[in-house]
Number of protein chains: 2
Amino acid sequence: MTERQQAVLDAVLALMVEGDALTMSAVARAASCSKETLYKWFGDRDGLLTATVRWQASKVRAGNFDRQHLDAGALRESLARFAANWLGVIASPTSVALNRIAISHAASQESNLGTIVLANGRLAIGERLKPLLEAGREAGILAFDDTETAFRTFIGLVGRDVQVRLLLGDRQAIAAGEIERDAARATDQFLTLYGTDETAAPSLSSASS
Amino acid sequence: MTERQQAVLDAVLALMVEGDALTMSAVARAASCSKETLYKWFGDRDGLLTATVRWQASKVRAGNFDRQHLDAGALRESLARFAANWLGVIASPTSVALNRIAISHAASQESNLGTIVLANGRLAIGERLKPLLEAGREAGILAFDDTETAFRTFIGLVGRDVQVRLLLGDRQAIAAGEIERDAARATDQFLTLYGTDETAAPSLSSASS
DNA sequence: ACCGAACCGTAACGTACGGTACGGTCAGTG
DNA sequence: CACTGACCGTACCGTACGTTACGGTTCGGT
């Protein structure tokens, strides 16, 4: 994957976000390269889209969280940061455009774009969040039987129906300024559900405000 | 909307679910009608899709819930039934196919299919659920400031990321047998967050099992 | 200076599909 | 029975787009 090829994929991403028709001609024009080169590098249209999805996924690898001295405050802080980070990702125009493409392709089983997005989006964040949850349980500040259930509950509290609404074109699904607030609310609610007595979760009134 | 026209729209739905290419020729073949008739009845391809979405929405109008003698048990029962009903809808092949079509069209602003699906799906269930939540608050068994926030929290707890995963082609996002259990879990969690002392919500251990 | 590889721009090809036109069939109506 | 209108099946048209082919240019290696 040379520098030039990455520039081409960035041009594809830009076209996706723009909402323009994603034709090979449009990509070649936007990336200032020839269609022949596109086919030589990526095989066919599907290969180009797949490479674009992988390229975008490789750019989202966010930092990990240190697991030392995990008290209730540090856990809350880490969870809230996770939530805000994830909300920012799924609300970004790039993510919305990419998921729309993947979903369109999932309809006709012509490729596994959906699987790739799934693996690099949902499942990847699970692999990063679950260790944090389990560390919280070992530290005695979280209580749950099934890590997967707890993880998906957190995902549900954070994301709610925001992503589907955005995919359907609802511009008001979430505002930029709401992300931090929503992340904090979801974290409080999660700790109310899964925190132990040592968690010192806020009372319900603040969780529902 | 004659009987025959509804049969055509049902054929469109069947094609959508099947995952076949949704061409006008395919629709005419599946519905045993001529393309000319399709254009006379629905104007163009977009009109056909719009009519299909509306037709499907008109079939999902589920029964309302009686609001008399709303004690904690009745509220829990109503919420769980709501949750199970909604999960069944979003997990149905028809809903998945329809949302995929709408999302594909939302990408290129050529029509407002996404808006229609949004209005008949998410917003419609909100109009049916919010009165129940507010009745619970008036009865003193729920406590929240903002109805919209409480509603969306419930939606998040019930649906989690199931719908997006299904849209992306994840067949294991939810199993048929899990719907009742997930609905009960989400209801318990919601009552833990928003119930009052009179709600008698189950302890955390059962909510997280 | 020369060669070949890589690449650009553009033209061309084949196909799929939205949309239209037309002939044929059948039901209802005078 | 003739007429009309709705509809079916099919052929057809124009265009968009994926894919391929080709001539021209740049550039590193010898």
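These are my notebook entries on how the two chains meet, how they approach the DNA, and what lies inside.

**Entry 1: the two copies.** I began by reminding myself that this is a predicted model. I then looked up how the chains are related, and found that chain A can be laid on chain B with an RMSD of 0.1 Å by a turn of 180° and a shift of 0.0 Å along the axis. The two copies are therefore related as by a two-fold rotation axis. I also looked for the residue of chain A that comes closest to this axis, and noted A:Gly156, whose C-alpha is at 2.2 Å.

**Entry 2: where the chains touch.** How many residues of chain A are in contact with chain B? I noted 44 residues of chain A, in contact with 44 residues of chain B. On the chain A side, the elements that give two or more residues are helices H6 (93–107), H7 (113–120), H9 (147–159), H10 (162–167), H11 (178–194) and H12 (204–207). H9(A) gives the most, with eight residues. Sorting this side of chain A by class, I wrote down 20 nonpolar, 16 polar and eight charged residues. I also noted that 100% of the interface residues of chain A are interface residues in chain B as well, so the copies meet through the same surface.

**Entry 3: the DNA strands.** I took DNA strand C first and found that 18 residues surround it, the closest being A:Cys33, A:Ser34, A:Thr37, B:Thr23 and B:Arg45. The elements giving two or more residues to the surface near strand C are H3 of chain A, together with helix H2 (24–31) and H3 of chain B. H3(A) supplies the largest share of that surface, with four residues. By class, the surface near strand C has five nonpolar, six polar and seven charged residues.

For DNA strand D, I counted 17 surrounding residues, and here the closest are A:Thr23, A:Arg45, B:Cys33, B:Ser34 and B:Thr37. At least two residues of the surface near strand D come from each of helix H2 (24–31) and helix H3 (35–42) of chain A and helix H3 (35–42) of chain B. This surface divides into five nonpolar, six polar and six charged residues.

**Entry 4: the nonpolar core.** Which residues have the most contacts inside the largest nonpolar core? That core has 116 residues, and those with the most contacts inside it are A:Ala83, A:Ala102 and A:Val158, along with B:Ala83, B:Ala102 and B:Val158. I followed A:Ala83 further and, leaving out residues up to four places away in sequence, found that A:Ala83 touches A:Val158, A:Ala183, A:Ala186 and A:Thr187.

**Entry 5: helix H11 of chain B.** This helix, residues 178–194, has 17 residues and reaches 24 Å from its first C-alpha to its last, close to the 24 Å expected at 1.5 Å a residue. I noted H11(B) as mostly covered, since 12 of its 17 residues are buried; among them are B:Asp182, B:Arg185, B:Phe190 and B:Tyr194.

**Entry 6: two residues with positive phi.** I looked up B:Ser32, which is found in the loop between H2 and H3 of chain B and has a positive phi of about 50° although it is not a glycine. Is B:Ser32 buried or exposed? B:Ser32 counts as exposed, because it has 9 C-beta neighbours inside 10 Å, and exposed requires 12 or fewer.

I then turned to B:Arg160, in the loop between helix H9 (147–159) and helix H10 (162–167) of chain B, which is not a glycine either and has a positive phi of about 45°. B:Arg160 counts as buried because it has 26 C-beta neighbours inside 10 Å, and buried requires 20 or more.

How values were computed: Residues are numbered from 1 along each chain as its sequence is written. Chains are lettered from A and ligands numbered from 1 in the order in which they are written. This is a predicted model: local features need pLDDT of at least 70, side-chain atom pairs count only at pLDDT 80 or more; totals for chains, interfaces and linings use all residues. Two residues are in contact if their C-beta atoms, placed from the backbone, lie within 7 Å. Ala, Val, Leu, Ile, Met, Phe, Trp, Tyr, Cys and Pro count as nonpolar, Asp, Glu, Lys and Arg as charged, and the others, Gly among them, as polar. A residue is near a molecule or strand if its C-beta atom, placed from the backbone, lies within 6 Å of it. Copies are superposed by least squares on the C-alpha atoms of residues with pLDDT of at least 70 in both. A nonpolar core is a set of buried Ala, Val, Leu, Ile, Met, Phe, Trp, Tyr and Cys residues joined through C-beta atoms within 7 Å. The expected span of a helix is 1.5 Å times one less than its number of residues.
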